[in-house]
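Trainee: Could you walk me through one part of this model up close? I'd like to look at a single helix pair and the loops on either side, then see how that fits with the rest.

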Amino acid sequence: MGFGKMDIDRRAFIASLGGIAVVEAMDDETKAEALEHFMVEKIDEAMGGHVELANAQVMPAAEDATVRRGVGSLFAPSGPQNARKMPALAAMSDKPTLMEFFEKRWAPANHVLQSATRAMKTGMSEEIVMACLLHDVVQNLVKVDHAWWGAQMLEPYVSEKISWAIRYHQALRFYPDEKYGYEYPELYTRLYGKDYVPQPHIQKAYEFARNHKWYFEARMITVNDLYAFDPNAKVSIEPFIDIMGRQFKQPKEGLGNDNSPVAHMWRTMMFPDNPL
Ligand SMILES: [Fe+2]
Ligand SMILES: [Fe+2]
């Protein structure tokens with residue numbers, strides 16, 4: 001969406017996020033997202049009807065929005081559109097691999113790489129490292145309910161434990177767990193308000209997940225998530241190539257060509273500019 005006609009109160013924006021240190025620790029993507037939230041609220045205020053995000057099941061769109069907020073970043077790069085050009089995409093081979101998606105569709109994939117790097121450095125299991133590496137990649141396709149979409153898209157190719165952990169990380173993000181050092185993110189308080197109550201399906205998913213035998217795996221995604229927004233971190237896919245080989249069942253026909261129940265999701269990421 002474009003914000004050309006509105007004045008941005010820079011100080012108020014920075015204060016709303018918790019100060020300059022918090023803002024400096026954000027990567028561009030996160031900053032752009034936060035700015036969008038801030039602007040949407042300002043627009044609502046300007047129109048005299050401040051929407052309580054805490055109770056809103058449907059998030060408001062700006063008057064001049066051209067895409068829905070939940071659309072994936074391959075379809076609508078985040079942030080004011082004049083600052084984020086639609087990226088050019090390389091053609092993919094006839095047998096696309098997971099690595100190819102990382103290089104040609106999801107790059108630089110900083111957030112998931114940082115998350116997996118931390119999981120590896122802190123001695124997490126290979127399945128947790130893999131889950132961290134893949135936990136948000138679906139956000140290139142779709143953002144709303146991304147954990148469910150992501151788990152489904154990856155399910156045919158990873159262990160049940162990995163896809164389960166990815167499915168439940170979205171709900172666990174909203175619930176602190178002292179035992180594992182997971183605090184409610186300050187950023188959520190800034191973005192959703194301090195009395196934010198997660199949607200009913202999120203509450204139910206949390207109740208289910210916290211007593212599950214794989215709770216730890218999903219919880220570790222959220223823990224590593226907290227430390228994966230460093231704009232200065234140098235990360236690479238290289239340390240994960242062997243793990244990908246062991247933990248991801250690469251279909252021999254190539255992703256998108258294997259006639260799996262989710263092949264169309266991969267094809268959609270291969271050809272996001274196809275009109276039909
Ligand atoms: Fe996520
Ligand atoms: Fe994440």
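Mentor: Before we start, one cut-off: two residues are in contact here if their C-beta atoms, placed from the backbone, lie within 7 Å. Also keep in mind that this is a predicted model.

Let's take H5 and H6. Helix H5 covers residues 110-121 and helix H6 covers residues 126-134. Their axes sit 7 Å apart, and the packing angle is about 165 degrees. Angles over 145 degrees count as roughly antiparallel, so that is how H5 runs relative to H6. The crossing of H5 past H6 is right-handed.

Now for the side of each helix that does the meeting. H5 brings Val112, Ser115, Ala116, Ala119 and Met120, and across from them H6 brings Ile128, Val129, Cys132, Leu133 and Leu134. Sort that contact by class and you get 9 nonpolar residues, 1 polar and no charged ones.

Next, go back along the chain to the loop that leads into H5. Helix H4 (98-106) comes before this loop, and Pro108 lies in it, between H4 and H5. Have a look at the backbone there: the peptide bond from Ala107 to Pro108 is cis, with omega near 5 degrees. Ala109 is in the loop between H4 and H5 too, and its phi is positive, about 50 degrees, although Ala109 is not a glycine. As for burial, Ala109 has 19 other C-beta atoms within 10 Å, so it comes out as partly exposed; the buried class begins at 20.

Then go past the other end of the pair. Asp145 is placed in the loop between H6 and helix H7 (146-154). Here again there is a positive phi of about 50 degrees in a residue that is not a glycine. Asp145 has 15 other C-beta atoms within 10 Å, so this residue is partly exposed.

For a second helix pair to hold against the one you asked about, try H8 and H10. Helix H8 takes in residues 160-172 and helix H10 residues 200-210; they pack at about 120 degrees, with 8 Å between their axes. H8 and H10 are therefore oblique to each other. H8 passes H10 in a left-handed crossing. On the H8 side the contact is made by Tyr168, Ala171 and Leu172, and on the H10 side by Ile202, Ala205, Tyr206 and Ala209. By class, that gives 7 nonpolar residues, with no polar and no charged ones.

Now zoom out to the whole chain. There are 13 helices and 0 strands, so to speak an α at every step of the pattern read along the sequence. The chain has 276 residues, and 32% of them count as buried. Take the contacts with a separation of 6 or more: 69% of them come from residues 24 or more positions apart.

One long-range pair is worth finding on your screen. Lys252 and Pro96 are 156 residues apart in sequence, yet their C-alpha atoms are 9.2 Å apart in space. Lys252 is found in the loop between helix H12 (241-247) and helix H13 (263-270). With 8 other C-beta atoms within 10 Å, Lys252 is exposed.

Terms used: Residues are numbered from 1 along each chain as its sequence is written. Chains are lettered from A and ligands numbered from 1 in the order in which they are written. This is a predicted model: local features need pLDDT of at least 70, side-chain atom pairs count only at pLDDT 80 or more; totals for chains, interfaces and linings use all residues. Axes are lines fitted to C-alpha atoms, for helices over the stretch in contact, and angles run from 0 to 180 degrees between N-to-C directions. Helices (H or I, at least four residues) and strands (E, at least two) are DSSP runs, numbered from the N terminus. Angles under 35 degrees count as roughly parallel, over 145 as roughly antiparallel, 65 to 115 as roughly perpendicular and the rest as oblique. A crossing is left-handed if the near helix is turned anticlockwise from the far one by less than a right angle, and right-handed if clockwise. Ala, Val, Leu, Ile, Met, Phe, Trp, Tyr, Cys and Pro count as nonpolar, Asp, Glu, Lys and Arg as charged, and the others, Gly among them, as polar. A residue is buried if 20 or more other C-beta atoms lie within 10 Å of its own, exposed if 12 or fewer, and partly exposed in between; C-beta atoms are placed from the backbone.
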